[in-house]
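Me: Please take a close look at one helix of this model and at the residues that flank it. I would like one connected account rather than a list.

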Amino acid sequence: MHSSMLPTFQSSFTPAASPLNLRLRATALRAQPAPSPVLLRRRAAVVTCQKKPSNKKAQKASNKQPSTMEQDLDKKEGAYTMRTRLREETEAPFRKVRLFIFGASAVSASLGAFISFSRLLAGLSHVPTAAPLSESLGNLAVNAGVIALAAFLISRDLQA
């Protein structure tokens with residue numbers, strides 16, 4: 001914390017270098033937390049001290065060298081670079097979560113539709129322990145609607 005950012009308690013009766021004002025500044029400086037080692041490492045990684053080249057060609061070449069942060073962003077992990085992954089995440093946040101939820105809903109509704117369809121077939125075959133046809137048809141319609149809605153949401157999300 002810089003001294004210009006510290007609150008000053010001056011009035012018309014208290015000069016700037018009074019013992020009270022100096023004590024308040026010293027207390028504020030002691031209360032300031034030390035920077036974490038992670039922050040210091042990040043600063044050291046970003047700030048590089050290089051001797052400036054004397055000729056213009058070497059100076060242009062040194063200006064074109066990317067920083068370590070840019071090198072980390074352009075490093076390939078799998079098929080895509082980190083920069084590409086971050087751009088994708090900023091363009092469509094939580095896309096992977098939405099696709100997982102829509103896919104899980106479609107799979108769940110498909111399983112329910114399979115069970116409802118088998119119960120409907122049992123009811124059409126006049127099996128004595130089968131569920132009523134109206135109940136099986138209602139369940140099948142709800143599951144088919146959820147499958148269609150999940151497929152629509154997945155296709156819309158992938159097109160965006």
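Reply:
**Helix 6 and its two ends**

The buried residues of helix 6 are Arg95, Phe102, Ala106, Ala109, Gly112, Ala113, Ser116, Leu120 and Gly123. These buried residues pack against helix 7, which covers residues 133-159. The model is a predicted one.

Helix 6 itself covers residues 95-124. With 30 residues, helix 6 reaches 42 Å from its first C-alpha to its last, close to the 44 Å expected at 1.5 Å a residue. Arg95, one of the buried residues, thus stands at the start of the range 95-124.

Just before helix 6 comes phenylalanine 94, in the loop that links helix 5 (82-91) to helix 6. Phenylalanine 94 has a positive phi, about 60 degrees, although this residue is not a glycine. Most residues other than glycine have a negative phi. As for its side of the surface, phenylalanine 94 counts as exposed because its relative accessibility is 59%, and the cut-off for exposed is over 50%.

Phenylalanine 94 also belongs to a nonpolar patch on the surface, together with Val97, Phe100 and Ile101. The accessible area of these four residues together is about 460 Å². Buried residues of helix 6 include Arg95 and Phe102, whereas Val97, Phe100 and Ile101 belong to the surface patch.

At the other end, helix 6 is followed by histidine 126. Histidine 126 lies in the loop between helix 6 and helix 7. Its phi is near 60 degrees, again a positive value in a residue other than glycine. Histidine 126 is exposed, because its relative accessibility of 69% falls in the range over 50%.

The setting of these parts is the whole protein chain, which has seven helices and two strands. Starting at the N terminus, the order of the elements is α-α-α-α-β-β-α-α-α. Of its 160 residues, 13% count as buried. The accessible surface of the chain comes to about 13,100 Å², and carbon and sulfur atoms account for 65% of that area. Among contacts in the chain with a separation of 6 or more, 38% are between residues 24 or more positions apart.

In short, helix 6 has buried residues that pack against helix 7. Phenylalanine 94, in the loop between helix 5 and helix 6, has a positive phi, and so does histidine 126, in the loop between helix 6 and helix 7.

Definitions and conventions:
Residues numbered from 1 in each chain as written. Predicted model: local features only at pLDDT ≥ 70, side-chain atom pairs only at ≥ 80, totals over all residues. Heavy atoms only, no water. Patch = residues over 30% accessible without salt bridge, like charges linked within 9 Å, V, L, I, M, F, W, Y side chains within 5 Å. Areas by Shrake-Rupley, 256 points an atom, 1.4 Å probe, with all protein chains shown as cover. Salt bridge = Lys/Arg side-chain N within 4 Å of Asp/Glu carboxyl O. Helix = DSSP H or I, 4+ residues; strand = E, 2+ residues; numbered from the N terminus. Buried < 20%, exposed > 50% of the residue type's maximum accessible area, 1.4 Å probe, protein only. Contact = heavy atoms within 4.5 Å. Expected span 1.5 Å × (residues − 1).
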